[in-house]
Amino acid sequence: MIILGIESSCDDTAAAVIDGDANVLANVVSGQDAVHARFGGVVPELASRCHLEAITAVVDEALRQAGKTLGDIDLIAATQGPGLIGSLLVGFCYGKALAFSLARPFVGVDHMSGHLLSAFLEPRQPPFPYLALIVSGGTTALFRVDDFSRFSLLGRTRDDAAGEAFDKIARLLDIGYPGGPVVSRYAEQGDPSRFALPRAWLDDSLDFSFSGLKTATQQLHKQLACRNDASRQAIFDLCASFQQAVVEVLVEKSIRAAQTEALSHLVIGGGVSANSSLRRELLRRCTEASLHLYLPAPAHCTDNAAMIAFAGLQRYVNGDHGSWGDDVFSRSKLGH
Ligand code: ATP
Ligand code: FE
């Protein structure tokens, strides 16, 4: 079975081709960073226009790299939500129309289920049940995953998502866009113990909160600037201290959730899970706690269509085919 996946929920136009054994034959992503960089965030109207311009070329390129033609495709899956409605409509309608014209089945996919299942794109796949930490620009949440369609929300952010906090700090420090990878690069050169920043533990809750950390970082930066002390090294140290505060809470709560739920397998997904400090620290703590950790390749952590193709295949195999009348949605039914 050959599956074409399409993803256009935010500012990446992506298409991928996988086979029925989750082998990724092609995984193409066309980003729009250059378009949105000068605004310091995604401009929805520009994003949907860019998707329209890119979608045909991206799908063609994925087919070319996979060595397949449209006639070889058995199933088409596209992201149905959550995300920006104008962006979602481009990939979803393109996939639906393509499937209809080829007389092939079409399934809509919840983007979050793609992140929750992205570890299956790797050679070492997790067994059920497992704990999933999903950390991205719009989501920070812990899920118990019992099978390909049963996801139980254990905790989630009460305010900003972790990726959103990274992006806001980068904008505040005016160091580039998108924020996560830049803050992470700066942090590699900084001292994480230089500044004491707050961690929101929220007692025993598995929820998260990053808005206090964001405000504290902002105030610290203001003080440094007032004292004419915002040297390049101070900014590196600020990024490192901020990143450490985020990573510590994410890791600690994941370990706690795995122990509370008696789960010995931990999976991560979403753009922030590409962060090397988070990956290192999780590996260290999981080894200590005898937990098995599954880290998807960075290209499968950030938004991509291979995870959508895989999640779509599972929906289809499950008999969950959807209908031609299905529409996109902006909020995940899996929680966020
Ligand atoms: P979702 O709709 O799932 O929230 P998204 O549109 O935010 O997805 P993703 O690619 O899943 O897209 O995640 C993007 C987020 O990940 C951005 O906030 C980005 O700054 C962050 N990110 C990417 N790479 C890194 C990194 N190395 N370190 C920290 N954050 C990162
Ligand atoms: Fe995402």
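Here is a short chat about how some labels on this predicted model are earned.

Me: What makes β1 and β2 a pair?
Reply: Two strands pair if there are at least two bridges between them. Strand β1 (residues 2-7) and strand β2 (residues 12-19) have six bridges, so they pass that cut-off. Their sense is antiparallel. One of the partnerships is I2 with D19 in β2.

Me: And what makes β2 and β3 a pair?
Reply: Same test, really. Seven bridges join β2 to β3, and at least two are needed, so the two strands pair. They run antiparallel, and A14 stands opposite V29 in β3. The hairpin of these two has four residues between the strands, and A22 there takes a positive phi near 70°.

Me: Why are β3 and β5 said to stand at the edges?
Reply: Look at the order of the five strands, which is β3-β2-β1-β4-β5 in an open sheet with mixed pairing. β3 (24-31) and β5 (106-110) each have a single partner strand, so one side of each is left without a neighbour in the sheet. On average, neighbouring strands here are turned by 20° against each other, direction ignored.

Me: Which helices pack on that sheet, and what do they touch?
Reply: Helix α2 (residues 44-66) touches β1, β2 and β3, and its direction makes about 25° with that of β2. Helix α3 (residues 85-102) touches β1, β4 (75-81) and β5, and its direction makes about 155° with that of β4.

Me: How do you know that α8 and α9 meet?
Reply: Residues are in contact if their C-beta atoms, placed from the backbone, lie within 7 Å. Q243, V247, L250, V251 and I255 in α8 meet S277, L278, E281, L282 and R285 in α9. Helix α8 (residues 232-260) and helix α9 (residues 276-288) pack at about 35°, with their axes 10 Å apart, and the crossing is right-handed.

Me: What kinds of residues make up that contact?
Reply: The contact of α8 with α9 divides into six nonpolar, two polar and two charged residues. For instance, L278 of α9 is in the contact, and Leu counts as nonpolar, so L278 goes in the nonpolar group.

Me: What makes G137 polar in the shell around ligand 1?
Reply: Gly counts among the polar residues, so G137 falls in that class. G137, G138, G163, G180 and G271 come nearest of the 25 residues around ligand 1. α4 (111-117), α5 (162-173) and α6 (179-188) are the elements giving two or more residues to the shell. By class, the shell has six nonpolar, 16 polar and three charged residues.

Conventions:
Residues are numbered from 1 along each chain as its sequence is written. Chains are lettered from A and ligands numbered from 1 in the order in which they are written. This is a predicted model: local features need pLDDT of at least 70, side-chain atom pairs count only at pLDDT 80 or more; totals for chains, interfaces and linings use all residues. Axes are lines fitted to C-alpha atoms, for helices over the stretch in contact, and angles run from 0 to 180 degrees between N-to-C directions. Two residues are in contact if their C-beta atoms, placed from the backbone, lie within 7 Å. A crossing is left-handed if the near helix is turned anticlockwise from the far one by less than a right angle, and right-handed if clockwise. A residue is near a molecule or strand if its C-beta atom, placed from the backbone, lies within 6 Å of it.
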